[in-house]
Amino acid sequence: MNPITDELLEQYQRDGYCVVRELLDPASLERWKTRLSAIADGEVAPAERMLVMKDVMVARGAVEVGSKLEAVAKIQDYENDPELWSYVDDDRLLDCVERFIGKSVFTLHTMLINKPPNVDGRHPLHQDLLYFPFRPADRIVATWTALEPVTRENGCLVVVPGSHEGELLPHENMDWEHVNAAYWGAKGVGGDAPRVHLEMEPGDTVFFHPILIHGSGRNRTQGFRRAISAHYASTDCVWAWNTDAVLQRPYKVVRGEGAGGPWSGPVASEGRINPLDYVPVDRPVAPGRSD
Ligand SMILES: O=C(O)CCC(=O)C(=O)O
């Protein structure tokens, strides 16, 4: 039976997210954590087009780290890393993804989020569609899998149920002392928004809509808070930004016609969206990267 029962699908449609408990097994989680460490330690070179982001506090020398892994905030675009790619390509995940956006899908974005001890690491409340040039939004879904117990104390995800029914909002830079690059917050959405904290066990996976307002808190523990994540879009989606950076990321088809190959269109010719309407003008979207 597909783990996305009718009940979970209804919850996703109503609230903009749903959680599948223990979707992925401990050995798989270990494999991805090991790879993260190997890349952070420099034992394995970052794959082509992969971005390894240092935490802003480490980069500014505001905190001393005890290991190379403590310096890394995020790995992005791991499509060309065979170990991490095994997450995106996992049938257990893809069977769920199909329930939300159909049988023919490509990866829009891939990420490993590392929240080490002693750094701020907060992610303000935001909407992921901000970063994505494809539409319609309803044909995009995020997956986020806990690699260890994720709690309020170590900075679990926080979501605003039902917010996926709204519009994509303009975002702004946060007025915080330490904010990682491109961690923008949705304008006018404060800490008083009706939030739910998603505490999760290793292998639990949340699926969420790209307009859902979400973020995460500080890691107040002395351990790591790691998660692996991907965004998938239906191959029916069109490129809808008015920029020419069409191959901004290594988009790859994972299921359906053309699986294994790169995404190749279509690009909308009319009604294009200007990403700068949504992001702070002093930090425009850089073609190729969102860091
Ligand atoms: O894992 C986190 O702390 C937040 C991730 C997130 O919201 C994002 O990258 O869009």
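Which residue of strand 11 is the bridge partner of L157? The answer is L198.

## Model and numbering

This is a predicted model; local features need pLDDT of at least 70, side-chain atom pairs count only at pLDDT 80 or more, and totals for chains, interfaces and linings use all residues. Residue numbers start from 1 along each chain, as its sequence is written.

## Overall fold

The chain holds five helices and 16 strands. Both are DSSP runs numbered from the N terminus: helices are H or I with at least four residues, strands are E with at least two.

The C-alpha trace spans about 50 × 45 × 40 Å along its principal axes. The radius of gyration is 18 Å, which agrees with the value near 19 Å for a compact globule of 291 residues. That radius is taken over C-alpha atoms, and the globule rule is 2.2 Å times the number of residues to the power 0.38.

## Burial and contacts

Of the 291 residues, 44% count as buried (20 or more other C-beta atoms within 10 Å of the residue's own, with C-beta atoms placed from the backbone). Among contacts with a separation of 6 or more, 85% join residues 24 or more positions apart. A contact requires C-beta atoms, placed from the backbone, within 7 Å.

## The four-stranded sheet

One open sheet has four strands in the order 5-13-8-11, paired antiparallel. Pairing requires at least two DSSP bridges between two strands. Strand 5 (123-126) and strand 11 (196-198) stand at the edges with a single partner strand each, so one side of each has no neighbour in the sheet. The twist averages 25° from one strand to the next, using axes fitted as lines to C-alpha atoms and angles from 0 to 180 degrees between N-to-C directions.

Strand 8 (residues 157-159) pairs with strand 11 over three bridges, in the antiparallel sense. L157 and L198 are bridge partners here.

Definitions and conventions. Buried ≥ 20, exposed ≤ 12 C-beta atoms within 10 Å, placed from the backbone. Contact = placed C-beta atoms within 7 Å.
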